[in-house]
Amino acid sequence: MEQICIVALIGLPAAGKTSFSKLLLKTENVPFSILHICFDNFLKCSDDNATSYRLQREEVLKFLADTIESLKNINELVANIPNLKYCSYRDCGSRQLLIVCDDNNYYASMRYKLFQIARKFCISYGQIYFECNLATAMERNASRDASVRIPENVFHKMVLNLEYPDVQKNYWEENTFTWHTEDCLKQQFIFSNIIPFLNKLFDNPLKPTEANSKHAPTKQSLVHDLDLVMRKRIGSSVNAIAKCNKGRLAFELNNKRKEILKEFQDNTEDEVSDFHKYLGLFEESLEGIETTFLNL
């Protein structure tokens with residue numbers, strides 16, 4: 001493929017991400033081919049094994065990177081690419097390929113990993129944020145088949161943890177389209193609004209070591225931001241736990257916060273990458289500790 005673009009979908013469960021992806025695949029006169037990667041087809045959630053879930057996500061990202069590398073070399077999708085059977089593909093006879101990463105992507109660190117892959121291969125990157133009010137999303141989720149319905153307690157946790165795209169904090173989120181999902185999900189809306197946005201993304205591939213000095217934060221501000229994000233995560237986690245365990249959970253998580261913050265401060269490598277690396281480490285620890293307390 002001459003041009004490839006990753007677009008990350010962001011939003012609550014039942015906000016319309018997969019419905020949009022399916023409709024995009026059916027839309028006529030789209031000027032690029034489409035590969036739809038639905039993360040739910042790869043991931044098997046397990047409340048008692050957060051580490052396994054993280055490793056599964058890493059496998060999806062590896063599949064994405066391997067697929068892009070293959071496309072760069074052979075210029076076409078081939079049936080023997082591992083796990084391609086879990087994806088949907090529409091060949092529009094174009095030299096451009098849009099890769100739709102259909103996931104909640106509720107943490108900025110999740111989205112940053114997709115951005116890193118795009119930067120590594122010098123391809124384009126953008127995001128579509130599906131803004132949906134809580135009542136509508138919960139109603140849609142409740143109407144789903146039980147096999148794909150998100151449990152209400154998990155749903156509320158995701159609402160608390162959702163990090164909205166913020167270009168002031170993350171310069172790499174500047175190419176984000178916000179879709180108010182109260183708008184009709186129709187092909188005409190996609191063709192009139194989404195397609196022009198996606199076309200512009202193809203015109204601006206990333207560079208391998210792209211760094212926008214105007215937006216790049218200082219180490220001090222990153223330390224401050226990391227601390228704030230971890231404190232917010234701790235607050236959400238503690239509020240969801242039975243009262244008798246709140247103090248112990250807060251103590252455990254704050255110790256982990258201080259440990260990770262010190263490691264980040266002492267590190268001298270790529271600061272922006274490290275921010276998301278250490279935030280990811282904290283999220284892994286949080287999920288593990290949280291699961292332990294939920295089972296008490």
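This report describes a sheet, one of its edge residues, and some helix and ring contacts in a predicted model.

**The sheet**

Six strands make up an open sheet with mixed pairing, in the order β3-β2-β4-β1-β5-β6. At its edges stand β3 and β6 (176–180), each of which pairs on one side only. On average, neighbouring strands of this sheet are turned by 20 degrees against each other, direction ignored.

At the β3 edge, the pairing with strand β2 (residues 33–38) is antiparallel and runs over three bridges. Strand β3 covers residues 88–90 and includes Arg90. The bridge partner of Arg90 is Ile34.

Helix α3 (residues 108–120) lies across three strands, β1 (3–10), β4 (96–102) and β5 (124–131). The helix runs at about 155 degrees to β5. Angles over 145 degrees count as roughly antiparallel, so α3 and β5 are roughly antiparallel.

**Arg90**

The side chain of Arg90 makes polar contacts with two backbone oxygens, listed here.

| Side chain | Backbone oxygen | Distance |
|---|---|---|
| Arg90 | Leu25 | 2.7 Å |
| Arg90 | Thr27 | 2.5 Å |

Which residues does Arg90 contact, leaving aside its neighbours within four places in sequence? They are Leu24, Leu25, Lys26, Thr27, Glu28, Ser33 and Ile34. Of these, Ile34 is also the bridge partner of Arg90, while Leu24 and Lys26 belong to helix α1.

**Helices α1 and α6**

Helix α1 spans residues 17–26 and helix α6 residues 187–202. Their axes come within 10 Å and cross at roughly 90 degrees. An angle of 65 to 115 degrees counts as roughly perpendicular, and α1 and α6 are therefore roughly perpendicular to each other.

On the α1 side, the contact is made by Phe20, Leu23, Leu24 and Lys26. These meet Gln187, Ile190, Ile194 and Ile195 of α6. By type, the residues of this contact divide into six nonpolar, one polar and one charged. Leu24 and Lys26 thus appear in two settings: they take part in the contact with α6, and they are also in contact with Arg90.

**Aromatic pairs**

How many aromatic pairs does a search of the whole structure find? The search finds 17. One aromatic pair is formed by Phe115 and Tyr171, whose ring centres are 6.4 Å apart. The planes of these two rings stand at 85 degrees, so the pair is edge-to-face.

Phe115 lies in helix α3, whereas Tyr171 lies in the loop between α5 (152–161) and β6. The pair therefore ties together parts that are 56 residues apart in sequence.

Note on methods. Residues are numbered from 1 along each chain as its sequence is written. This is a predicted model: local features need pLDDT of at least 70, side-chain atom pairs count only at pLDDT 80 or more; totals for chains, interfaces and linings use all residues. Side-chain values use heavy atoms; hydrogens and water are left out. Helices (H or I, at least four residues) and strands (E, at least two) are DSSP runs, numbered from the N terminus. A polar contact is a pair of N or O atoms within 3.5 Å; within protein, one must be able to donate a hydrogen and the other to accept it, and residues adjacent in sequence count only if both atoms are side-chain atoms. Contact means heavy atoms within 4.5 Å. Two strands pair if DSSP finds at least two bridges between them. Axes are lines fitted to C-alpha atoms, for helices over the stretch in contact, and angles run from 0 to 180 degrees between N-to-C directions. Angles under 35 degrees count as roughly parallel, over 145 as roughly antiparallel, 65 to 115 as roughly perpendicular and the rest as oblique. Ala, Val, Leu, Ile, Met, Phe, Trp, Tyr, Cys and Pro count as nonpolar, Asp, Glu, Lys and Arg as charged, and the others, Gly among them, as polar. Rings of Phe, Tyr and Trp (its six-membered ring) pair if their centres lie within 6.5 Å; planes under 30 degrees apart count as stacked, over 60 as edge-to-face and the rest as tilted.
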